[in-house]
Amino acid sequence: MPASAAEQAVRAAFAEQAGWCRSLGSPLTALVCDLLAERPWPESVVARRLSEWPGDPRPSGDAVPLRLCGGLHAGVRSGALSALAECYPPHVLPEREQLGSAIDEAIVLPALAECLDRPPQTNEVGRANALFAGALAFADRFPVPVVLFELGASAGLNLRMDRFGYDLGGLRTGDPASSLQLKPAWRGPPPPDSRVEVIERRGVDLNPLDPVTDGDRLMAFVWADQADRVAQLEAALKVARTHPVTLDKGDAADWIEARLAEPQRAGTSRLVYHSIALQYFAPESQQRVAAAIERSGKAATPATPIGWLRFERSPDDQDPTLRLRSWPGGQDRLLATCHPHGGTINWLGGARGR
Ligand SMILES: C[S@@+](CC[C@H](N)C(=O)[O-])C[C@H]1O[C@@H](n2cnc3c(N)ncnc32)[C@H](O)[C@@H]1O
């Protein structure tokens, strides 16, 4: 029987996702997606749901491939999918046939279908490499205690960015005793050797995750063959368990308008930031976020400075960029271009540039 239009769209989504995984360095997830794009799906609840998917299955839409890849990885991690586990690290990349049969065995399990109900949600700790470097640049300009506000914070792991240790282009900074020590591939001079003293931290997400109860879910969405990301997330979850933060549920625009309307203590700064989040906000929310920060910026004084740090993709840039706008003054600086997961930073900000 010829495949339905819905099934063809889902298969095309798996093929597209395979390309993304390959270019972002996950040959295993790419192969899983290739196989799901090309091979017949054994009769099962999963196959029926895939072939009747009602929405947009593409990576930019409902992200159906990452939902299923997350479910498969969760099954490997929990021990429920033993044949598939033989194909995942620490084992080497399997042959197509072995992986294909293991996926078939997994797909027929009715419980696997539950993973299709939940969109993927990640919290990429490697982005703290860039965010903390940006915070150092802000503290270099305004060396006062800072209040952090993160928009689209997911599980809020990067709200603890000062609780991680770093080697940023040779600059040892952050917390040297942290269980998470980060060392991105760094090009350019190190960031300023300033001090980020966080006096308060607070974040918002439409769907905030709990690092304790949602830890397994977060781990499942990390690609299994990216050992560095797996280890980083495990270590960051450990940090999160001992350093709780306030994470509110809501829309970024409503939330930041309310936060910035609260009085700011003289002699402290505010740093609003977000990473790979803006693109997910509705256009009206994006505009309101910008307007609220700019309004607050216009009211900023040397005793109450504010910064807006963005690790985001723009349509004109190939890689995500790190930009910092700060007030008083409103100067906007391109600090870095970055790998989307933060593992490579091309620092342009200069050690003391302003
Ligand atoms: C791709 S994730 C990035 C999470 C985190 N910033 C990171 O770098 O790992 C995007 C996050 O934005 C959140 N989000 C999407 N729309 C939002 C909105 N209007 N307000 C607040 N959070 C939102 C999602 O729930 C998700 O956690």
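This briefing covers the ligand site, the empty spaces and the unusual backbone geometry of the structure above.

The model is predicted; local features need pLDDT of at least 70, side-chain atom pairs count only at pLDDT 80 or more, and totals for chains, interfaces and linings use all residues. Residues are numbered from 1 along each chain as its sequence is written, and side-chain values use heavy atoms, with hydrogens and water left out. The ligand sits in the largest pocket, and the protein buries 91% of the ligand's area.

**Ligand shell**

- The ligand is surrounded by 17 residues; a residue counts as near if one of its heavy atoms lies within 4 Å.
- Glu124, Arg127, Asp205, Asp251 and Ser275 are the closest.
- By class, the shell holds five nonpolar, seven polar and five charged residues. Ala, Val, Leu, Ile, Met, Phe, Trp, Tyr, Cys and Pro count as nonpolar, Asp, Glu, Lys and Arg as charged, and the others, Gly among them, as polar.

**Ligand contacts**

- A polar contact is a pair of N or O atoms within 3.5 Å.
- Asp205 places a polar side-chain atom 2.6 Å from an oxygen atom of the ligand.
- Gln121 has a polar side-chain atom 3.0 Å from a ligand oxygen atom.
- Gly152 uses its backbone: an N or O atom there lies 2.9 Å from a nitrogen atom of the ligand.
- Taken alone, the ligand exposes 590 Å², of which the protein buries 91%. Areas come from the Shrake-Rupley method with a 1.4 Å probe.

**Largest pocket**

- Pockets and cavities are found on a 1 Å grid over the protein atoms alone: a 1.4 Å probe fits but cannot get out of a cavity, while a pocket is an open set with protein on both sides within 12 Å along at least five of seven lines. Lining residues have an atom within 4 Å of a point.
- A molecule sits in a pocket if more than half of its atoms lie within 2 Å of the grid points; the ligand meets this in the largest pocket.
- The volume of the largest pocket is about 1500 Å³. A volume is the space filled by probe spheres set on the points, which are joined across faces, edges and corners.
- Its lining has 44 residues, with Pro120, Thr122, Ile276, Gln279 and Tyr280 nearest the centre.
- The elements giving two or more residues to this lining are α1 (5-23) and β6 (198-205). Of the elements, α1 gives the most, three residues. Helices (H or I, at least four residues) and strands (E, at least two) are DSSP runs, numbered from the N terminus.
- The pocket lining divides into 19 nonpolar, 15 polar and ten charged residues.

**Cavities**

- The whole structure has five cavities of 30 Å³ or more.
- The largest cavity holds about 100 Å³ of space.
- Its lining counts 13 residues; Thr29, Cys69, His73, Val222 and Trp223 lie nearest the centre.
- Two or more lining residues come from each of α2 (27-38) and α4 (64-78). The largest share, four residues, belongs to α4.
- The cavity lining has ten nonpolar, three polar and no charged residues.

**Backbone exceptions**

- Most residues other than glycine have a negative phi, and most peptide bonds are trans.
- Pro89 and Pro90 are joined by a cis peptide bond, with omega about 15°. Pro90 is in the loop between α5 (82-85) and α6 (96-107).
- Trp327 and Pro328 also share a cis peptide bond, with omega about 5°. Pro328 lies in the loop between β10 (321-327) and β11 (331-338).
- Ala63 is not a glycine, yet has a positive phi of about 55°. Its place is the loop between α3 (45-51) and α4.

Note on methods. Polar contact = N/O pair within 3.5 Å; in protein donor to acceptor, adjacent residues only side chain to side chain.
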